[in-house]
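Trainee: Before we look at any detail, could you show me how to read the empty space inside a protein model, and then the strands and side chains around it?

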Amino acid sequence: MKDGAVLDLGGVEYKGTITVEGNVTIKGDTKITELKSTTGCTITIEEGKTLTLNNFAFGKKENASAKYVIKGGTVVANYGYFQHGEYELRSNFETGYMYYSFGSNITLYGTLHSEGSGDGLDYVRGNLIIAEGGKSIHDRALWVEKNGTLTIEPGGYVQANSLTVYEGSTLTYSNDADLKYNSVKGKEYIIKK
């Protein structure tokens, strides 16, 4: 989809991959097998509508300065990842599992809820900021991997059944109410504001 495109499938499922380049708008409840972009884009989902995907894939190491904005509506996906880019996530996401991948700078303003399917692991492998009003909820395990950073700003919220913070990574949060977990490993690497 080129810059300025409007996607309106009229309720018909698209069984294939759609690649987004530039600023695009998605109208109505939409089902697509795969959505991806490696060049940067702004995807605006119509308010109150749902974009249903098998998977999504954004970013490319060779184009790490690209910016991606996803806003409006809700994204429901089996799985997905963001890698090598600048991300502004303003939509609500419901996923089976999620990879915050290498080289990413992600700011979450909406709600991301991961059910923990697959191997049950959600990874922070870049820089993830939970902004005021943002929520990152993980029904199973959240890992902050080596060289990863997870920052919960005042008014942001993270919940995980199990939290692992690896040596060389950083977790920063304001107070205990911002972060809830049932079990934690590597707690010595947590840094509180």
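Mentor: Let us begin with the cavity, bearing in mind that this is a predicted model. The largest cavity has a volume of about 40 Å³, and a search of the whole structure finds one cavity of 30 Å³ or more.

Trainee: What general idea lies behind finding such a space?

Mentor: Rolling a probe the size of a water molecule over the atoms shows where empty space is left. In this structure, the largest cavity is lined by Leu-35, Ile-43, Leu-51, Leu-53, Phe-56, Phe-58, Ile-70, Val-75 and Phe-93.

Trainee: How do the residues of that lining divide into nonpolar, polar and charged?

Mentor: Nine residues of the lining are nonpolar, while no polar and no charged residue takes part.

Trainee: Which element gives the largest share of the lining of the largest cavity?

Mentor: That share, four residues, comes from β6, the strand that spans residues 50-58.

Trainee: How should I place β6 among the other strands?

Mentor: Strands are placed by asking which of them pair, and in which sense, with at least two bridges needed for a pair. Here β6 runs parallel to β4, to which it is joined by seven bridges, and Thr-30 stands opposite Leu-51 in β6. β6 also pairs in the parallel sense with strand β8 (residues 74-82), over eight bridges, and there Phe-56, one of the cavity-lining residues, stands opposite Gly-80 in β8.

Trainee: Which strands do β4 and β8 pair with besides β6?

Mentor: β4 (residues 30-37) pairs with β2 (residues 14-19) in the parallel sense over four bridges, and the bridge partner of Tyr-14 in β4 is Ile-32. β8 pairs in the parallel sense with β10 (residues 92-100), over eight bridges, where Ala-77 has Thr-95 of β10 as its bridge partner.

Trainee: Which residues touch the most other members of the largest nonpolar core?

Mentor: A core of this kind is a set of buried nonpolar side chains joined through atoms within 4.5 Å. The largest one holds 43 residues, of which Ile-43, Phe-58, Phe-82 and Leu-171 touch the most other members. A second, separate core of five residues includes Tyr-99, Leu-121, Tyr-123 and Ala-141.

Trainee: What is Phe-58 in contact with, leaving aside its neighbours within four places in sequence?

Mentor: Its contacts include Leu-35, Ile-43 and Ile-70, which also line the largest cavity, and among the others are Lys-36, Ser-37, Cys-41, Tyr-68, Tyr-81, Phe-82, Gln-83 and Tyr-87.

Methods:
Residues are numbered from 1 along each chain as its sequence is written. This is a predicted model: local features need pLDDT of at least 70, side-chain atom pairs count only at pLDDT 80 or more; totals for chains, interfaces and linings use all residues. Side-chain values use heavy atoms; hydrogens and water are left out. Helices (H or I, at least four residues) and strands (E, at least two) are DSSP runs, numbered from the N terminus. On a 1 Å grid over the protein atoms alone, a cavity is a set of points where a 1.4 Å probe fits but cannot get out, and a pocket is an open set with protein on both sides within 12 Å along at least five of seven lines; lining residues have an atom within 4 Å of a point. Grid points are joined across faces, edges and corners, and a volume is the space filled by probe spheres set on the points. Ala, Val, Leu, Ile, Met, Phe, Trp, Tyr, Cys and Pro count as nonpolar, Asp, Glu, Lys and Arg as charged, and the others, Gly among them, as polar. Buried means under 20% relative accessible area, exposed over 50%, partly exposed in between (1.4 Å probe, protein chains only). Contact means heavy atoms within 4.5 Å.
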